[in-house]
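Grab a pencil and work through these exercises with the model open beside you. Each one sets a task and then walks through a solution.

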Amino acid sequence: MRGFGYFVVMFFCLLVFMGSTEGQLQMGFYSRSCPNAEKIVQDYVNRHVHNAPSVAATILRMHFHDCFVRGCDASLLLNTTSSGNQTEKLATPNVTLRGFDFIDRVKSLLEAACPGVVSCADVIALVARDAVVATGGPFWKVPTGRRDGTISRSSEASNNIPPPTSNFTSLQRLFANQGLDLKDLVVLSGAHTIGVSHCSSFSNRLYNFTGVLGTQDPALDSEYAANLKARKCRSLNDNTTIVEMDPGSFRTFDLSYYGHLLKRRGLFQSDSALTTNSTTLSFVNQLLQGSLENFFAEFADSMEKMGRINVKTGTVGEIRKQCAVVNS
């Protein structure tokens, strides 16, 4: 017959187990506290994404940039305060980000239905998925229960978000810092199949690659480069013109981005970098040789992995009432 001590130990183990699982993300986290939360998000996205088809790429990029700094905690959404702290919004990788108003509108609907329940971090994650699906892209599971961070620093965004000028070594390090491997790097880069970029993100490849004005990146297809210079980015200082990241297919979530990489027509240095390593190049070829359904499945796996980076759950962080400011 087991003694009292055994049951004390087992009870303690049960408490530890509960504590370790209680704070994790879960599917349908709001099923009791805000039963219609996910439907409210999806309905809003479906009503508005067709009027603004670029929103899928915009919010997907926002989700990526948010998760790479302090985890997926909506710290990216915070405004700079009167104290002078420069938030992530003002960091170089984020100055061209859009879609903050879209997130705010979704959040206001959720606040009206269930005040103080659904986090801004979960709103970003859900909108990113729903917007991609609404434009014909892959579906992935979004477990919820993220809580919002209260700290946002511009310097951390600059240090952790991979810039478009990244070489392979830099990309590998920055992704590994988030627990993401080389396969995730290649698959998540496939998000560049939709959306546009400003010339300033890659014009150095056209005009100033070595630091000497007039030098061009030899890794960029010369015909493609000439076309960009003649029709799009006509000077090094062009900060306003936008260019399709996946020319001819920038509104379709497909495999053509990877085809451009093999033709040396990836827009960014970070795109081109995927072909400079044998492992990542092999992944690129495998994706191209596989089906679109396979790419969608791989993308879903990597997005689910990214969406769990350093999440705040349980009692850590807060549920912001307004996404741009911490609760008072």
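**Exercise 1: The domain contact**

What is the area buried between domain 1 and domain 2, and what percentage do carbon and sulfur atoms give?

*Solution.* Keep in mind that we are working on a predicted model.

Step 1. Set the bounds: domain 1 covers 36–160 and domain 2 covers 168–306. Their C-alpha centres are 23 Å apart.

Step 2. Count who takes part. Domain 1 brings 20 residues to the contact and domain 2 brings 16.

Step 3. Pick the yardstick. Interface size is often quoted as the accessible area that is lost when the parts come together.

Step 4. Read off the answer: about 1,600 Å² is buried between domain 1 and domain 2, with 75% of that coming from carbon and sulfur atoms.

Step 5. Look at domain 1's side of the contact. Phe68, Pro138 and Trp140 lose the most area to domain 2, and together they make up 33% of what that side buries.

**Exercise 2: Polar links and helices at the contact**

Count the salt bridges between domain 1 and domain 2, then find which helix gives the most to the side of domain 1 that touches domain 2.

*Solution.*

Step 1. Salt bridges between domain 1 and domain 2: the count is zero.

Step 2. Now try polar contacts. Here you get two residue pairs between domain 1 and domain 2, counting those where both residues are at pLDDT 80 or more.

Step 3. Turn to the helices. Helix H3 (55–67) and helix H6 (154–160) each put at least two residues into the side of domain 1 that touches domain 2.

Step 4. The top contributor to that side is H3, with six residues.

**Exercise 3: Sorting the disulfides**

How many disulfides does the structure hold, and what is the pairing of the bonded cysteines in sequence order?

*Solution.*

Step 1. The count is four disulfides. Number the bonded cysteines in sequence order and the pairing comes out as 1-4, 2-3, 5-8, 6-7. Let's go through three of the links.

Step 2. Start with cysteine 34 and cysteine 114, whose sulfur atoms sit 2.0 Å apart. The torsion about their S-S bond is about 80°, so this disulfide is right-handed. Cysteine 34 is in the loop between helix H1 (4–22) and helix H2 (37–48), while cysteine 114 is in the loop between helix H4 (100–113) and helix H5 (120–134), so the bond ties together parts 80 residues apart in sequence. Cysteine 34 and cysteine 114 are both buried.

Step 3. Next, cysteine 67 and cysteine 72 are joined with an S to S distance of 2.1 Å. This link is right-handed too, at 115° about the S-S bond. Are these cysteines buried or exposed? The cut-off for buried is under 20% relative accessible area. Cysteine 67 has 0% relative accessibility, so it counts as buried; cysteine 72, at 1%, is buried as well.

Step 4. Finish with cysteine 199 and cysteine 233, with 2.0 Å from S to S. The torsion is about -80°, so this disulfide is left-handed. Cysteine 199 lies in the loop between strand S1 (196–198) and helix H9 (203–207), and cysteine 233 in the loop between helix H10 (222–231) and strand S2 (242–244), making this a link between distant parts of the chain, 34 residues apart. Both cysteine 199 and cysteine 233 are buried.

**Exercise 4: Following the salt bridges**

How many salt bridges does the structure hold? Describe three of them, including the pair of aspartate 221 and arginine 265.

*Solution.*

Step 1. The total is 14 salt bridges.

Step 2. Aspartate 43 and lysine 39 meet through their side chains at 2.7 Å, N to O. They are four residues apart in helix H2, so about one helical turn separates them. Aspartate 43 is partly exposed, at 26% relative accessible area.

Step 3. Arginine 153 bridges to glutamate 156 at 3.1 Å, N to O. Arginine 153 is partly exposed at 35%, whereas glutamate 156, at 18%, counts as buried. Zoom out and you'll find Arg70, Arg153 and Glu156 linked in a network of salt bridges.

Step 4. Aspartate 221 pairs with arginine 265, their closest N and O atoms being 3.1 Å apart. Aspartate 221 sits in the loop between H9 and H10, and arginine 265 in the loop between helix H11 (256–262) and helix H12 (269–272), 44 residues apart. Aspartate 221 is buried at 14%, and arginine 265 is partly exposed at 25%.

Definitions and conventions
Residues are numbered from 1 along each chain as its sequence is written. This is a predicted model: local features need pLDDT of at least 70, side-chain atom pairs count only at pLDDT 80 or more; totals for chains, interfaces and linings use all residues. Side-chain values use heavy atoms; hydrogens and water are left out. A disulfide is a pair of cysteine sulfur atoms within 2.5 Å. Buried means under 20% relative accessible area, exposed over 50%, partly exposed in between (1.4 Å probe, protein chains only). A salt bridge is a side-chain nitrogen of Lys or Arg within 4 Å of a carboxyl oxygen of Asp or Glu. Domain bounds come from an automatic or database domain assignment. Contact means heavy atoms within 4.5 Å. Buried area is the accessible area (1.4 Å probe) that two parts lose on being put together, summed over both. A polar contact is a pair of N or O atoms within 3.5 Å; within protein, one must be able to donate a hydrogen and the other to accept it, and residues adjacent in sequence count only if both atoms are side-chain atoms.
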